[in-house]
Amino acid sequence: MRVFATAILLIFATAVFAQQQMPMPRQQKQEVSTDFSQDEIETFVEANLDVTKVQQEAQKKSMAIIEKNDLDLERFNEIVAIQQGQSEEEASEEEMKAFNAAAQEIMASNQKTQSDMIAALEKHEMSQEKYQKIMMAYQQDEEFRKKVDTVVQARSNG
């Protein structure tokens, strides 16, 4: 279920965060900088906690919007696949009306989500660019990921 909720956000999010948090395909993997100070890593961990809370709230809202429009998450995602030409299945006119209404509402909600994520970063005095660079390093560099995970572990134990 969590995978489907994430798929919704990735498909409809207007936030640059969602785009940057998707791992790059292996063949296009580029060198990433891991030259961040301990303070920057700690700030990233704190900011990421807040960003994650915002994203989780957005997922809950998206789920509620889909259900309010008489669709379940699985069918909603099937219609997304149909829309993207990735499915031979068909959707009824009624389902398409419900899907379009839900999708528009989710997109509008995602504008607020983007603002809330930016506010979360600003609260920690971290730029979007720095957050994205650290996130990319975290996703692509195993040693750096271990370093960040150590900070996360220390924070959760302290």
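The exercises below, each with a worked solution, deal with the helices, salt bridges and burial of one predicted model.

Residues are numbered from 1 along each chain as its sequence is written, and side-chain values rest on heavy atoms, with hydrogens and water left out. Because the model is predicted, local features need pLDDT of at least 70 and side-chain atom pairs count only at pLDDT 80 or more, while totals for chains, interfaces and linings use all residues.

**Exercise 1. Describe the overall make-up of the protein from its secondary structure and burial.**

Step 1. The protein has seven helices and zero strands, where helices (H or I, at least four residues) and strands (E, at least two) are DSSP runs numbered from the N terminus.

Step 2. Of its 158 residues, 37% count as buried, with buried meaning under 20% relative accessible area, exposed over 50%, and partly exposed in between (1.4 Å probe, protein chains only).

Step 3. Among contacts between residues at least 6 apart in sequence, 77% join residues at least 24 apart; contact means heavy atoms within 4.5 Å.

**Exercise 2. Determine how helix 4 and helix 5 are oriented, and which residues meet.**

Step 1. Helix 4 (residues 73-83) and helix 5 (residues 93-123) pack at an angle of about 95°, and their axes are 11 Å apart. Axes are lines fitted to C-alpha atoms, for helices over the stretch in contact, and angles run from 0 to 180 degrees between N-to-C directions.

Step 2. The two helices are therefore roughly perpendicular to each other, a class that covers 65 to 115 degrees, whereas angles under 35 count as roughly parallel, over 145 as roughly antiparallel and the rest as oblique.

Step 3. From helix 4, Arg75, Phe76, Ile79, Val80 and Gln83 meet Glu95, Met96, Phe99, Ala102, Ala103 and Ile106 of helix 5. The residues of this contact divide into eight nonpolar, one polar and two charged.

**Exercise 3. Work out how the salt bridges of Glu78 and Asp50 are placed in the chain.**

Step 1. The structure holds twelve salt bridges, each defined as a side-chain nitrogen of Lys or Arg within 4 Å of a carboxyl oxygen of Asp or Glu.

Step 2. In the bridge between Glu78 and Arg75, the closest N and O atoms are 2.9 Å apart, and these residues, three apart in helix 4, are separated by about one helical turn. Glu78 is partly exposed at 25% relative accessible area, whereas Arg75 is buried at 11%. Both belong to a network of salt bridges that links Arg75, Glu78, Glu89 and Glu95.

Step 3. Asp50 forms a salt bridge with Lys123, the closest N and O atoms being 3.0 Å apart. This pair links distant parts of the chain, since Asp50 lies in helix 3 (residues 38-68) and Lys123 in helix 5, 73 residues apart. Asp50 is buried, with a relative accessible area of 15%, but Lys123 counts as exposed at 59%.

**Exercise 4. Characterise His124 and then check the length of helix 6.**

Step 1. His124 lies in the loop between helix 5 and helix 6 and, at 18% relative accessibility, counts as buried. Leaving aside residues up to four places away in sequence, His124 touches Thr43, Glu46, Ala47 and Asp50.

Step 2. The 13 residues of helix 6 (residues 128-140) should span 18 Å at 1.5 Å a residue, and the end C-alpha atoms are 18 Å apart, which agrees. The expected span is 1.5 Å times one less than the number of residues.

Step 3. The buried residues of helix 6 are Tyr131, Gln132, Ile134, Met135, Met136, Ala137 and Gln140.

Notes
Nonpolar A, V, L, I, M, F, W, Y, C, P; charged D, E, K, R; others polar.
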